[in-house]
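User: I am new to this one. Please take me through some of the labels and what lies behind them.

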Amino acid sequence: MSDQAQPTQFEEQEFSKNFDAAAWKKIFAFAKRHKKLILGAMGFMVFDAGVDVVLPLTTMYAIDTFIVAREMDTFVPFVFVYLGLIALQTFSIYMFISFTGKIEASVIYDIRREGFRKLQNLSFSYYDKTPVGWIMARVTSDVQRIGDIVAWGVLDVFWTVTMITILVGVMFTLNTQLALILLVIIPPLIIVSMFFQRRIIKAQREVRKTNSKITGAINEGINGARTTKTLTRESGNFDEFSALTSDMRRASIRAGTLNAKFMPVVLSLGSIGLAMVLTNGGHLVMAGAISLGTLAVFVAYSLQMFDPIQHIAHIFSEMQAAQASAERTFSLMETEPDITDSQDVLRKYGDIEHPHPENWEEITGEIVFDDVSFAYNTKPVSDEAGSEADDQSPFGEAEKLLLRNFSLRVKPGEKIALVGETGAGKSTIVNLLCRFYEPTSGQIKIDGVDYRQRSQGWLHSNLGYVLQTPHLFSGSVMDNIRYSKPGATDDEVVEVARKMGAHDFIMKMEGGYGSNVGEGGSKLSTGERQLVSFARAILRNPKIFVLDEATSSIDTQTEALIQDAVDEALRGRTSFIIAHRLSTIRSADRILVIHGGAILESGSHKELLRARGHYYELYTNQIKKEAQERLLG
């Protein structure tokens with residue numbers, strides 16, 4: 001990607017709905033997969049709510065029988081009944097917590113699994129323009145919040161509604177007047193909730209948005225630590241990070257302040273309701289209209305009713321945060337790949353997850369670029385706008401045209417080298433060839449067929465690609481080489497490592513092929529990582545091979561070590577080599593000098609030197625520079 005236009009700056013999607021029914025519908029779709037667990041949890045919650053309602057009734061019986069009437073005949077049975085209710089409640093709470101824990105873990109697992117699957121299927125361009133920190137925040141903290149709200153928030157709402165329904169029914173049975181007094185407080189609670197709703201969710205959205213930026217900044221800070229040290233940018237990075245965390249602090253304080261205002265209002269309304277019950281209930285007791293035990297029940301019920309309502313206030317604020325998380329998580333999961341196969345292609349060749357390799361044609365390696373044009377991140381332009389700018393151009397004024405009417409025919413097994421200044425279009429050509437991007441216009445044909453008539457899996461399974469800075473995965477050397485062909489035997493891995501000149505240094509490591517390479521291959525040198533990546537690419541025996549400045553980071557000694565092996569590996573394969581060191585491409589069948597997205601010169605190494613054109617200047621200047629470096633030590 002070194003010479004491609006940079007993607008436009010990432011802008012996170014904004015959400016503004018106070019209640020997003022679509023987001024909750026998607027959340028519940030994941031929850032429905034575990035309806036047996038949910039029904040089980042709900043059953044135990046109903047049972048627990050019933051016990052919670054019955055316990056104050058036992059208190060009423062105790063007050064009216066044992067204290068007021070002083071009748072102790074049923075005291076012992078009462079104690080056993082009361083202890084039995086406590087035991088049943090303890091069991092129901094244990095089962096409820098067990099079920100909800102499983103629900104939380106299962107929902108989080110499902111969403112993360114779907115999110116990771118989506119990430120595997122998204123196009124190369126998505127990773128070009130989307131910060132890693134944004135993605136990490138979506139599949140970690142945001143998914144965790146969704147799982148929490150399904151398991152604990154939504155089910156707590158169900159418990160609260162069940163509890164209040166049973167309470168209201170029993171209260172009306174005991175005394176209609178006191179029941180109506182308690183219900184008077186409900187409308188003010190609804191009004192307060194509506195008042196705070198919009199403000200809370202807006203604050204929570206800002207918190208989640210800023211959190212994504214912080215995660216991205218931390219990721220960049222870790223990955224760029226060496227650059228930061230060498231450029232003494234620690235102070236500047238700290239200032240930028242401090243600004244982000246200050247924004248996070250302000251947004252979090254704003255959200256916390258709203259919650260802090262919300263909760264006392266709920267508590268105050270609950271206290272008012274309790275005072276009204278005590279005042280009116282006291283008069284009714286004095287008048288003999290109700291028993292002292294009945295008043296005690298209403299006092300207990302008022303506390304029981306307003307406690308879940310108070311709890312719902314907390315759940316409500318958590319649901320606002322969960323909605324903000326869900327909106328962003330599902331925006332990732334609903335992102336469509338830029339590169340897709342047609343339905344006809346999918347039916348025949350399968351997709352990435354379910355391929356049909358039995359239908360894949362063999363590749364001989366003939367490649368044709370037929371009048372190919374490409375602009376980065378193209379957007380449709382109206383006919384009116386097009387006529388004003390350029391009647392023949394499908395590209396908008398704000399887009400950078402990287403290739404225009406580019407044509408090239410490559411024979412099977414031919415080795416093509418691409419050279420030119422940074423930004424000339426070299427990486428654009430090979431990324432189009434690999435179908436990481438698709439032409440804006442024109443065709444790319446492999447073996448005479450437009451590659452869009454074949455599946456991405458078909459092409460990529462026949463593709464070997466070695467980057468300038470290869471990525472190794474945490475694990476052993478053996479696992480990293482075998483990554484391209486999971487079914488390869490140990491002997492096959494060792495054989496390809498020998499071919500690529502990697503066997504000797506691997507055997508010098510303490511664990512040999514079982515040695516851990518560290519995160520990103522940190523325990524290996526740059527040259528060693530490159531040798532492992534070459535072996536990994538060759539193991540799958542690709543028909544098309546791309547080397548994207550793959551030897552530019554290797555010292556001349558290591559380069560000499562692998563050059564013969566690379567030549568041997570590329571023999572018989574159609575290959576494209578983007579070269580920084582021109583000495584490495586002298587054996588190429590054709591060298592293309594790329595300038596401005598077009599072929600400026602074409603020929604073999606000797607032919608281009610004899611022509612004394614642009615390639616001659618590039619080559620001789622590089623030879624002089626290398627000679628000066630050797631002379632200076």
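**Labels and the values behind them**

Analyst: Gly273 lies in helix H9, residues 234–286. Helices (H or I, at least four residues) and strands (E, at least two) are DSSP runs, numbered from the N terminus. This is a predicted model, where local features need pLDDT of at least 70, side-chain atom pairs count only at pLDDT 80 or more, and totals for chains, interfaces and linings use all residues. Residues are numbered from 1 along each chain as its sequence is written, and side-chain values use heavy atoms, with hydrogens and water left out.

User: Why is Gly273 called buried?

Analyst: Its relative accessible area is 0%. Buried means under 20%, exposed over 50%, and partly exposed in between (1.4 Å probe, protein chains only). Therefore Gly273 counts as buried.

User: What does Gly273 touch?

Analyst: Leu182, Ile185 and Phe306, leaving out residues up to four places away in sequence. Contact means heavy atoms within 4.5 Å.

User: How do you know that the span of H9 agrees with its number of residues?

Analyst: The expected span is 1.5 Å times one less than the number of residues. For the 53 residues of H9 that gives 78 Å. The end C-alpha atoms are 76 Å apart, so the two values agree.

User: Why is Gln622 called buried?

Analyst: Gln622 has a relative accessible area of 18%, so it falls in the buried class. The residue is found in helix H21, residues 614–631. Setting aside neighbours within four places in sequence, Gln622 is in contact with His580, Arg581, Leu582 and Ser583.

User: What makes Glu353 and Arg117 a salt bridge?

Analyst: The term requires a side-chain nitrogen of Lys or Arg within 4 Å of a carboxyl oxygen of Asp or Glu. Here the N to O distance is 2.6 Å. The pair links distant parts of the chain, 236 residues apart. Glu353 is in the loop between helix H11 (343–349) and strand E1 (367–375), while Arg117 is in helix H3 (residues 75–121). Glu114 joins Arg117 and Glu353 in a network of salt bridges. The search of the whole structure finds 16 salt bridges.

User: Why are Glu353 and Arg117 called partly exposed?

Analyst: Glu353 has a relative accessible area of 37%, so it gets that label. Arg117 stands at 25%, so it counts as partly exposed too.

User: Where do Asp344 and Arg347 lie, and are they buried or exposed?

Analyst: Both lie in helix H11, three residues apart, about one turn of the helix. Both are exposed. They form a salt bridge, with the closest N and O atoms 2.2 Å apart. An α-helix has 3.6 residues a turn, so residues three or four places apart point the same way.

User: What makes Arg590 and Glu414 a salt bridge?

Analyst: Their closest N and O atoms are 2.8 Å apart. Arg590 lies in strand E9 (residues 590–595) and Glu414 in the loop between strand E2 (401–410) and strand E3 (415–419), so the pair ties together parts 176 residues apart in sequence. Both residues are buried.

User: Why is E3 called largely enclosed?

Analyst: Five of its five residues are buried, so the rest of the structure largely encloses E3. Lys415, Ala417 and Val419 are buried on one side, Ile416 and Leu418 on the other.

User: How do you know that E3 pairs with E8 and E9?

Analyst: Two strands pair if DSSP finds at least two bridges between them. Four bridges join E3 to strand E8 (residues 574–578), running parallel. Four bridges also join E3 to E9, again parallel. Ile416 has Phe576 as its partner in E8, and Leu418 has Leu592 in E9.
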